[in-house]
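Biologist: I'd like a close look at one hollow in this protein, told slowly enough that I can follow it on screen. Start with whatever builds its wall, then work outwards from there.

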Amino acid sequence: MKSIEPAIKADEVAPPRAGERILRVARDLFYRQGIRAIGVDEIVRRAGVTKPSLYRSFPSKDELAASYLRQYDLEFWERFDEAVAAHPGDPRAQIGAFLTRIGKRTQKPDYRGCGMTNAAVEYPEHGHPARVVSEANKQELRRRLRAMAAAMGAGDADTLGDGLLLLIEGAYISGQLFGAGGPAKSVARNADLLIEASLKK
């Protein structure tokens with residue numbers, strides 16, 4: 001009797017769907033070169049798809065940019081939550097762990113800062129889909145940092161939380177400007193000094 005081979009699942013052999021390929025290519029190009037600098041023609045050429053394929057998956061380039069940022073947002077919070085989970089009940093250590101990772105990333109030669117921050121600079125109009133995603137990410141980060149500052153017992157938790165946010169944003173930008181050896185590498189240490197000074201008040 002002829003043996004029957006187990007069926008091969010489609011997702012084990014099938015290439016990524018066109019929409020997935022487009023998003024992967026767009027993400028890399030948008031992050032490395034900027035959203036406005038990259039045209040749809042370049043994206044479809046590199047993804048090996050047609051323009052109709054792109055517009056079937058994403059109604060517009062603006063929506064493609066927003067999809068890239070929504071994916072970026074999910075990964076951002078995964079990293080943040082990993083730092084929190086590593087130090088349960090210790091917000092100071094949680095912030096330190098998160099910022100230590102940021103400091104290390106800023107030292108890499110291909111570092112281009114935070115995709116959310118970059119998109120907000122590129123799109124000053126508040127209703128733009130990419131800007132909406134970026135603003136939501138930054139508002140949530142501000143809320144969490146303020147809450148963590150309060151959990152540490154800071155007398156002025158909102159000011160401390162905002163100070164930490166300013167340090168983070170400064171690291172994103174200075175990491176691009178100075179590269180390896182720049183001030184962003186010490187963002188975690190500077191944050192700890194700020195926390196220490198705030199808790200003494």
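Modeller: Let's start at helix 8, which gives the most to the lining of the second largest pocket, with six residues. Keep in mind that this is a predicted model. The pocket itself has a volume of about 190 Å³. To find its wall, pick out Ala120, then Arg131, Ser134, Glu135, Lys138, Gln139 and Arg142, and finally Asp162, Leu165, Leu166 and Glu169. Two elements give two or more residues to that lining: helix 8, which covers 129-151, and helix 9, which covers 157-178. Sorted by class, the wall comes out as six charged, three nonpolar and two polar residues.

Now follow helix 9 away from the pocket, to its neighbour helix 10, residues 187-200. Their axes lie 10 Å apart and the packing angle is about 165 degrees. Angles over 145 degrees count as roughly antiparallel, so that is how helix 9 and helix 10 run relative to each other. Their crossing is right-handed. On the helix 9 side, the contact uses Leu160, Gly163, Leu164, Leu167 and Ala171, while helix 10 brings Val187, Asn190, Ala191, Leu194, Ile195 and Ser198. Its make-up is eight nonpolar and three polar residues, with no charged ones. So helix 9 has two jobs to track on your screen: Leu165 and Leu166 are among the residues that line the pocket, whereas Leu164 and Leu167 are among those that touch helix 10.

For context, look at the other hollows too. The largest pocket has a volume of about 350 Å³. It is lined by 15 residues, and the closest to its centre are Arg27, Tyr31, Tyr72, Arg105 and Gly113. Helix 2 (18-33) and helix 5 (61-86) are the elements that give two or more residues to this lining. The class count here is eight charged, six nonpolar and one polar.

Two of those central residues lead you to helix contacts. Take Arg105 first: it belongs to helix 6, residues 91-105, and it is part of the contact with helix 5. There, Phe76, Arg79, Phe80, Glu82, Ala83 and Val84 of helix 5 meet Gln94, Ala97, Phe98, Arg101 and Arg105 of helix 6. That contact has six nonpolar, four charged and one polar residues. The axes of helix 5 and helix 6 are 7 Å apart, at an angle of about 130 degrees, and the pair is therefore oblique. This crossing, too, is right-handed.

Next take Tyr72. The axes of helix 5 and helix 7 come within 10 Å and cross at roughly 145 degrees. Tyr72 joins Tyr68, Leu69 and Asp73 on the helix 5 side, with Gly115, Met116 and Ala119 on the helix 7 side. By class, that makes five nonpolar, one polar and one charged.

Last, there is one cavity of 30 Å³ or more in the structure, with a volume of about 40 Å³. Some of the names are familiar by now, since its lining is Phe30, Tyr31, Gly34, Ile35, Tyr68, Gly115, Asn118, Ala119 and Glu122. Helix 2 and helix 7 (115-122) each give two or more residues, and helix 7 supplies the largest share, four. The lining is made of five nonpolar, three polar and one charged residues. Tyr31 is worth colouring: it is listed among the residues closest to the centre of the largest pocket, and it lines this cavity as well. Tyr68 links up in a similar way, being in the contact of helix 5 with helix 7 and in the cavity lining.

Key
Residues numbered from 1 in each chain as written. Predicted model: local features only at pLDDT ≥ 70, side-chain atom pairs only at ≥ 80, totals over all residues. Heavy atoms only, no water. 1 Å grid on protein atoms, 1.4 Å probe; cavity = no way out; pocket = protein on both sides within 12 Å on 5 of 7 lines; lining within 4 Å. Points joined across faces, edges and corners; volume = space filled by probe spheres on them. Nonpolar A, V, L, I, M, F, W, Y, C, P; charged D, E, K, R; others polar. Axes fitted to C-alpha atoms, helices over the stretch in contact; angles between N-to-C directions. Parallel < 35°, antiparallel > 145°, perpendicular 65-115°, else oblique. Left-handed = near helix turned anticlockwise from the far one by under 90°. Contact = heavy atoms within 4.5 Å.
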